[in-house]
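Subject: Structure handover and notes

Dear colleague,

Please find below the structure I promised to pass on to you. My notes on it follow directly after.

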Amino acid sequence: MEFTSFDARGYPIVDVRTGYAGWAATYEDTVEDTMDLALLDRLRTPAWSSVRRAADLGCGTGRTGSWLRERGVAAIDGADITPEMLDAARARGAHDRLVDADATATGFDSGRYDLVIASLIDEHLPDLAPLYREARRLAAPGALFAIVGFHPHFIMTSGMPTHYTDDTGRSVAIATHVHLVSEHVRAARENGWRLVEMEEGVVDEAWLERKPKWERFRNHPVSFAHVWELG
Ligand SMILES: C[S@@+](CC[C@H](N)C(=O)[O-])C[C@H]1O[C@@H](n2cnc3c(N)ncnc32)[C@H](O)[C@@H]1O
């Protein structure tokens with residue numbers, strides 16, 4: 001679904017690569033751990049320390065990779081289309097291999113990963129099916145696919161795209177798409193994935209401490225985490 005009909009901000013919109021190139025230097029200062037890492041903390045699957053090799057799709061600056069390393073994931077390969085984000089990930093050193101590649105066509109070996117993870121990228125994809133298909137291609141027998149994202153309800157109700165402040169102080173939106181939960185389920189099922197676990201994060205006290213202006217969104221779902229297994 002196009003985001004434009006929900007847009008309450010009217011920021012100028014740039015494509016993903018331009019946007020993250022502009023955001024890379026300040027990304028880590030502005031992204032909220034409550035959005036994604038807090039949800040990963042709540043998941044009961046996978047048993048992170050038993051993951052031998054993970055593929056981190058849309059790895060960005062390496063936040064997700066670092067979180068996985070801290071939980072004992074043995075080896076992690078990352079793919080991203082923004083060179084400036086990859087440079088930051090390289091400096092961070094959480095990944096064994098980093099490639100400048102689309103999350104839907106990574107070029108990584110088929111069937112080698114017991115975990116595929118994509119955190120905070122689905123809203124940038126016009127269509128979810130290629131992401132779930134690539135996750136399936138990469139998956140080893142028994143693999144899990146963990147996907148974490150900005151909740152479609154929140155994007156709609158807030159009218160807020162993924163955005164950042166550029167070096168002139170201007171707010172800039174990065175091309176954003178809205179995917180209903182049913183779109184995830186359809187794309188996953190069509191590619192052989194079955195839901196194991198789902199968590200939703202709401203705007204709670206932890207969020208409101210960071211974002212007092214979000215009081216009107218109190219208790220609204222703001223992010224989700226799904227874990228899929230091969231059916
Ligand atoms: C919000 S960041 C998330 C980075 C990291 N996973 C994290 O949680 O901090 C989104 C990242 O997805 C990347 N991205 C967006 N669309 C992509 C695509 N089609 N293929 C690969 N990377 C993509 C962007 O370049 C950016 O680095």
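Is Asn219 buried or exposed? With 8 other C-beta atoms within 10 Å, Asn219 is exposed, and please keep in mind throughout that this is a predicted model. Asn219 is found in the loop between helix H8 (205–210) and strand E10, and its phi is near 70°, a positive value in a residue other than glycine.

Two other backbone details may be useful to you. Leu120, which is not a glycine either, has a positive phi of about 65°; this residue lies in the loop between E5 and H5 and is partly exposed, with 19 other C-beta atoms within 10 Å. The peptide bond from Thr45 to Pro46 is cis, with omega near -5°, and Pro46 belongs to the loop between helix H2 (37–42) and E2.

On the annotation side, the UniProt record, an unreviewed entry, lists residues 56–147 as "domain: Methyltransferase type". Over residues 56–147 the chain is 30% helix and 30% strand, while the C-alpha atoms at the two ends are 10 Å apart.

Strand E2 is a convenient place to begin with the interior. Since 5 of the 5 residues of E2 are buried, this strand is largely enclosed by the rest of the structure. Both of its faces are covered, with Arg53, Ala55 and Leu57 buried on one side and Ala54 and Asp56 buried on the other. E2 pairs with E3 in the parallel sense over 5 bridges, and within that pairing Leu57 has Ala79 of E3 as its bridge partner. Ala79 also appears in a relation to Asp100, for the C-alpha atoms of these two residues, 21 residues apart along the chain, are separated by 5.9 Å. Asp100 itself lies in strand E4 (residues 97–100) and counts as exposed, with 12 C-beta neighbours inside 10 Å; leaving aside its neighbours within four places in sequence, Asp100 is in contact with Ile81, Pro83 and Leu86.

As for the nonpolar interior, the largest core has 50 residues, and those with the most contacts inside it are Ala54, Leu57, Tyr113, Leu115, Val116, Phe145 and Ala146. Strand E6 gives the most to this core, with 7 residues. Apart from it lies another core, of 7 residues, which includes Val178, Val203, Trp207 and Val222. Ala54 of the largest core, once neighbours within four places in sequence are left aside, is in contact with Leu68, Val73, Ile76, Tyr113, Leu115 and Ile117. In soluble globular proteins, nonpolar side chains tend to be buried together.

Helix H5 (residues 129–138) has Leu131, Tyr132, Glu134, Ala135, Arg136 and Leu138 as buried residues, and these pack against strand E2 (53–57), strand E5 (113–119), strand E6 (139–150), helix H7 (181–190) and strand E9 (193–202). Further along the chain, Val227 has its place in strand E10 (residues 221–230) and is buried, with 22 other C-beta atoms within 10 Å. Beyond the four nearest places in sequence, Val227 is in contact with Leu43, Thr45, Leu144, Ala146, Val196 and Glu197. Val227 and Ala118 are 109 residues apart in sequence, and 11 Å apart in space from C-alpha to C-alpha.

There is also an open sheet of 3 strands, in the order E1-E8-E7 and with mixed pairing. Strand E1 (13–14) and strand E7 (163–165) stand at its edges with a single partner strand each, so one side of each is left without a neighbour in the sheet. E1 and strand E8 (residues 171–174) pair in the parallel sense over 2 bridges, and here Ile13 stands opposite Ala173 in E8.

Finally, the ligand, which I expect you will turn to early. Of the 21 residues around the ligand, Gly58, Gly60, Arg63, Thr82 and Ala103 come nearest. Helix H1 (16–30), helix H3 (63–70) and strand E3 (75–80) each supply at least two residues of this shell, whose members divide into 11 nonpolar, 6 polar and 4 charged.

With kind regards

Notes. Residues are numbered from 1 along each chain as its sequence is written. This is a predicted model: local features need pLDDT of at least 70, side-chain atom pairs count only at pLDDT 80 or more; totals for chains, interfaces and linings use all residues. UniProt positions are given in the numbering used here, feature names are shortened, and annotations may be inferred rather than shown by experiment. Helices (H or I, at least four residues) and strands (E, at least two) are DSSP runs, numbered from the N terminus. Two strands pair if DSSP finds at least two bridges between them. A residue is buried if 20 or more other C-beta atoms lie within 10 Å of its own, exposed if 12 or fewer, and partly exposed in between; C-beta atoms are placed from the backbone. Two residues are in contact if their C-beta atoms, placed from the backbone, lie within 7 Å. A nonpolar core is a set of buried Ala, Val, Leu, Ile, Met, Phe, Trp, Tyr and Cys residues joined through C-beta atoms within 7 Å. A residue is near a molecule or strand if its C-beta atom, placed from the backbone, lies within 6 Å of it. Ala, Val, Leu, Ile, Met, Phe, Trp, Tyr, Cys and Pro count as nonpolar, Asp, Glu, Lys and Arg as charged, and the others, Gly among them, as polar.
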